[in-house]
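Welcome, and thanks for taking a look. Please have the sequence and the structure open side by side as you read.

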Amino acid sequence: MYRKSILMAICAMIICTALYGYRVQTEQRQIADRLVRLHIVANSDTAQDQDLKLQVRDALLPEISALTARCGSRKEAETVLQQHLPELTALAQRVLRQTGSEQTVTARLSTELFPRREYETFSLPAGSYRTLRITLGEGQGHNWWCVAFPALCTLSASQQEEALEAANFTRAQRDLLTGEDITVELKFKSLELWKQLRQWLQAH
């Protein structure tokens with residue numbers, strides 16, 4: 001009887017975790033539908049290549065912010081960024097050439113899987129996101145992540161709130177990203193547990 005009760009309790013916990021995790025995963029997908037991530041990958045982990053990555057980042061961020069400033073949706077931002085991939089590539093290439101580097105630059109829009117990421121004034125749950133990926137050279141080094149649209153990485157906390165609202169994020173979604181939702185830690189952890197549970201179920 002005792003074992004049966006324990007088993008039932010465990011089953012109930014699994015079901016609750018699955019249901020809550022599914023709900024949070026839905027929220028993550030809704031957020032991802034409104035974002036374009038930025039992913040800059042260094043050639044290698046040498047100090048020089050990591051510094052080059054940051055120089056490219058500093059040159060690209062203002063340009064990306066200007067390009068997407070008037071976009072009202074992720075699709076609009078993707079269209080604009082796709083149209084200007086050659087210019088963004090050329091800008092990154094100029095930065096490298098000015099330092100004497102012969103590394104190549106590849107820029108493309110794709111869908112990538114990201115872990116949970118916390119920034120100074122906002123957080124992003126783990127999941128798949130449309131991404132502007134800039135690869136320097138062999139692309140074997142540590143990378144730098146942020147958000148291309150809305151341009152959260154170049155804005156203050158108050159400006160981020162305005163940018164998210166302009167990009168049609170709901171109040172609940174804005175609170176989840178900026179940490180004003182008091183359950184944000186639980187929600188992000190539940191999403192991670194839900195993904196682990198799905199992987200376990202698929203393996204068994």
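This short report walks through a helix, the nonpolar core, a strand pair and an aromatic cluster in a predicted model.

## Helix H3 and its two sides

Let's begin with helix H3, residues 74–83, where Arg74, Ala77, Glu78, Val80 and Leu81 are buried. These residues lie on the same side of H3, because they span an arc of only 165° around the axis. An α-helix has 3.6 residues a turn, so residues three or four places apart point the same way. On the face turned away from the buried side you will find Lys75 and Gln83, which are exposed.

## The nonpolar core

Leu81 also appears in the largest nonpolar core, a set of 45 residues. Leu38, Leu60, Ile64, Leu81, Leu124, Leu132 and Ile134 are the residues there that touch the most other members.

Leu132 is worth a click: leaving aside residues up to four places away in sequence, its contacts include Leu38, Ile64, Leu81 and Arg108.

## Strands S1 and S6

Strand S1 (residues 36–41) runs antiparallel to S6, and six bridges join the two. Across this pairing, Ile40 stands opposite Trp144. Six of the seven residues of S6 (residues 143–149) are buried, so the rest of the structure largely encloses this strand.

## An aromatic cluster

Phe114, Tyr129 and Trp145 make up one aromatic cluster. Phe114 and Tyr129 meet edge-to-face, 6.0 Å centre to centre with 75° between the planes. Both Phe114 and Tyr129 are buried. Phe114 and Trp145 are also edge-to-face, at 5.6 Å and 85°; this pair links strands S2 and S6, 31 residues apart.

Finally, look for Arg37: it lies over the face of Phe114, 4.1 Å from the ring centre, and over the face of Tyr129, at 4.7 Å.

Methods. Residues numbered from 1 in each chain as written. Predicted model: local features only at pLDDT ≥ 70, side-chain atom pairs only at ≥ 80, totals over all residues. Heavy atoms only, no water. Buried < 20%, exposed > 50% of the residue type's maximum accessible area, 1.4 Å probe, protein only. Helix = DSSP H or I, 4+ residues; strand = E, 2+ residues; numbered from the N terminus. Arc of directions from axis to C-beta. Core = buried A, V, L, I, M, F, W, Y, C linked by side-chain atoms within 4.5 Å. Contact = heavy atoms within 4.5 Å. Pairing = 2+ DSSP bridges. Phe/Tyr/Trp six-rings, centres within 6.5 Å; stacked < 30°, edge-to-face > 60°. Lys NZ or Arg CZ within 6 Å of the ring centre and 35° of its normal.
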